[in-house]
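Colleague: Could you pick one part of this model and take me through it closely, then work outwards to whatever sits around it? Keep it relaxed, but give me the cut-offs as you go.

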Amino acid sequence: YEIMRDGGSVNDERYLSFLSNAFDHYSKRYWQLKHYFLLMHDNARPHVAQVVNNWLASEYIERIKQPPYSPDANLMDRFIFRNFKTFRRNKHFSNVDEVVKEVDDYIATLLAEKLSNKQLNLKNDLPQIIDSNLSNLVITYKF
């Protein structure tokens, strides 16, 4: 993760910078897996920006698009962000460094085994999620 200390928002340039830095970090650390990176994206503007898509293609990084309006199918939304809300409940911060420490502490509590179990749960739940989304699907035709 990266902390934006200037209070700005994420745009395509910032997101591309983050991806580039993250990719450099992980490709050095896991060089043997360099061409096996997958990113799960939703339809956020920085995720679908042409400059980001061009860079991902140039680095041979595959994207997995999350279906719109389906946080139940995304491990980050389903487990990490939801639990982080509980983790930080009733905590107050007086500066950015305290926030960074809190995020570091939270990430340290996420053991690989715990995440692996949540990923297996998601895999088992996906057929029901897909069935539910298909049954709610509305198709419209324009003539």
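Modeller: Let's start with α3, where Val52, Asn53, Trp55 and Leu56 are buried, buried being under 20% relative accessible area, exposed over 50% and partly exposed in between, with a 1.4 Å probe and protein chains only. These four cover an arc of only 165° around the axis, which puts them on the same side of α3; the arc is taken over the directions from the helix axis to the C-beta atoms. Turn to the other side of α3 and you find Gln50 and Ala57 exposed. When I say helix or strand, I mean a DSSP run numbered from the N terminus: H or I over at least four residues for a helix, E over at least two for a strand.

A word on the ground rules. This is a predicted model, and local features need pLDDT of at least 70, side-chain atom pairs count only at pLDDT 80 or more, while totals for chains, interfaces and linings use all residues. Residues are numbered from 1 along each chain as its sequence is written, and side-chain values use heavy atoms, leaving out hydrogens and water.

Now for a neighbour of α3. Two packed helices are described by the angle between their axes and the distance between the axes. Here, α1 (residues 12-29) packs with α3 (residues 50-58) at an angle of about 20°, the axes lying 9 Å apart. That makes α1 roughly parallel to α3. For the terms: axes are lines fitted to C-alpha atoms, for helices over the stretch in contact, with angles running from 0 to 180 degrees between N-to-C directions. Under 35 degrees counts as roughly parallel, over 145 as roughly antiparallel, 65 to 115 as roughly perpendicular, and the rest as oblique. The crossing of α1 and α3 is right-handed, meaning the near helix is turned clockwise from the far one by less than a right angle; anticlockwise would be left-handed.

α1 itself has 18 residues and reaches 25 Å from its first C-alpha to its last, close to the 26 Å expected at 1.5 Å a residue; that expected span is 1.5 Å times one less than the number of residues. In α1, the buried residues are Tyr15, Leu16, Leu19, Phe23 and Ser27. Around the axis they take up an arc of only 95°, which puts them on the same side of α1. On the other side, α1 has Glu13, Lys28 and Arg29 exposed. Glu13 has a relative accessible area of 61%, and its C-alpha is separated by 7.9 Å from that of Pro46, 33 residues apart along the chain.

Going the other way along the chain from α3, the loop between α3 and β2 (62-65) holds Tyr60. Most residues other than glycine have a negative phi. Tyr60 has a positive phi of about 60° although it is not a glycine, and Tyr60 is exposed at a relative accessible area of 60%. There's another like that further on: Asn90, in the loop between α4 (75-87) and α5, is not a glycine yet has a positive phi of about 60°. Asn90 is exposed too, with 70% relative accessible area.

That brings us to α5. Helix α5 (residues 96-109) has 14 residues and reaches 20 Å from first C-alpha to last, close to the 20 Å expected at 1.5 Å a residue. Its N-terminal end is capped by Asn95, with a side-chain oxygen 3.1 Å from the backbone nitrogen of Asp97. Val96 lies in α5 and is partly exposed, with a relative accessible area of 35%. The C-alpha atoms of Val96 and Ile3 are separated by 8.6 Å, although 93 residues apart along the chain.

In α5, Val100, Glu102, Val103 and Tyr106 are buried. Looking down the axis of α5, these fall within an arc of 160°, so they line one face of the helix. Lys101 and Ala108, on the other side of α5, are exposed. As for Tyr106, its relative accessibility is 6%, and its C-alpha is separated by 7.2 Å from that of Phe84, 22 residues apart along the chain.

Stepping back, the protein has 6 helices and 2 strands, following the pattern α-β-α-α-β-α-α-α along the sequence. Of its 143 residues, 20% count as buried.

Note on methods:
Polar contact = N/O pair within 3.5 Å; in protein donor to acceptor, adjacent residues only side chain to side chain.
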